[in-house]
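Colleague: I am new to this structure and would like a close look at a single part of it. Please take one residue, say where it sits, and then place it among the rest.

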Amino acid sequence: LLFAATVLLFCGLRHGSLDSGNDWSLFFIGEARVLYGFFAGVLVYRVRHLLKWGLPNAWIALAVLGGLLWWAPSHGTYRAAYDCAIAIIGSPLLVAVAYRIETSGLAASIFTALGNASYPIYLVQNLILTVVGYGIAQAHLSPYSLRIAAILLALAAGVAMYRLYDDPVRRWLGKRLGANRNDRRLSVSVG
């Protein structure tokens with residue numbers, strides 16, 4: 001984890017941002033983000049039983065982290081430091097805090113929908129940012145307009161992709177592979 005954090009810091013400070021890795025010339029930044037994110041996720045999973053804060057504190061932590069993500073510097077001197085701090089501390093903390101929140105009713109439905117849409121959003125985020133960024137640049141709107149438009153478009157695209165593709169394919173695969181799980185033609189005996 002320490003090695004991965006060092007690589008991530010080096011990439012962020014050298015490039016000036018971690019907002020890259022989606023093309024071959026800067027692919028190493030994406031690799032550093034995945035390397036650290038994987039091991040940070042493993043760490044959060046292994047210490048999950050130590051996370052003992054209550055629901056109100058978790059909501060406060062989520063609100064603070066959400067605010068920090070919203071008011072990210074778009075460029076300049078502090079962008080690299082901000083990106084590294086969010087990637088190394090903020091993202092694992094966000095996952096750890098969210099893990100401890102138990103919800104029901106409407107909140108559970110909203111969080112389930114966001115969770116279902118998260119992977120499709122991850123797949124289309126660069127396309128959405130490019131299209132929305134171009135549109136906002138042509139209309140000469142503020143960067144906050146880009147964030148709001150990108151969030152709304154990403155949510156709509158993620159939910160649509162989940163409902164039209166991801167969920168039906170998972171159900172189909174579940175039916176196909178579920179039948180094969182019980183078909184155990186190879187048995188192993190230990191003697």
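Modeller: Take Arg 79, and ask whether it is buried or exposed. In this predicted model, Arg 79 has a relative accessible area of 14%. The cut-off for a buried residue is under 20%, so Arg 79 counts as buried. The residue belongs to helix H4, which runs over residues 77–99. Its side chain makes a polar contact, at 2.8 Å, with the side chain of Asp 83. Arg 79 also lies 6.6 Å from Gly 16, C-alpha to C-alpha, although 63 residues separate the two in sequence.

Now to the surroundings. The largest nonpolar core is made of 13 residues, and Leu 8, Cys 11, Leu 18, Ile 29, Tyr 36 and Ile 88 have the most contacts inside it. At least two residues of this core come from each of helix H1 (2–15), helix H2 (27–46) and H4. Another core, apart from that one, has eight residues, including Ala 117, Val 124, Ile 128 and Ala 154.

Three of those names lead to helix H5: Ala 117, Val 124 and Ile 128 are among its buried residues, as are Pro 120 and Ile 121. H5 covers residues 105–139, and the C-alpha atoms at its ends are only 40 Å apart, where a straight helix would reach 51 Å. H5 has a kink of about 55 degrees, centred on Val 124. Just after H5, His 140 has a positive phi of about 55 degrees.

Conventions
Residues are numbered from 1 along each chain as its sequence is written. This is a predicted model: local features need pLDDT of at least 70, side-chain atom pairs count only at pLDDT 80 or more; totals for chains, interfaces and linings use all residues. Side-chain values use heavy atoms; hydrogens and water are left out. Helices (H or I, at least four residues) and strands (E, at least two) are DSSP runs, numbered from the N terminus. The expected span of a helix is 1.5 Å times one less than its number of residues. The bend at a residue is the angle between axes fitted to the seven residues ending there and the seven starting there. Buried means under 20% relative accessible area, exposed over 50%, partly exposed in between (1.4 Å probe, protein chains only). A polar contact is a pair of N or O atoms within 3.5 Å; within protein, one must be able to donate a hydrogen and the other to accept it, and residues adjacent in sequence count only if both atoms are side-chain atoms. A nonpolar core is a set of buried Ala, Val, Leu, Ile, Met, Phe, Trp, Tyr and Cys residues joined through side-chain atoms within 4.5 Å.
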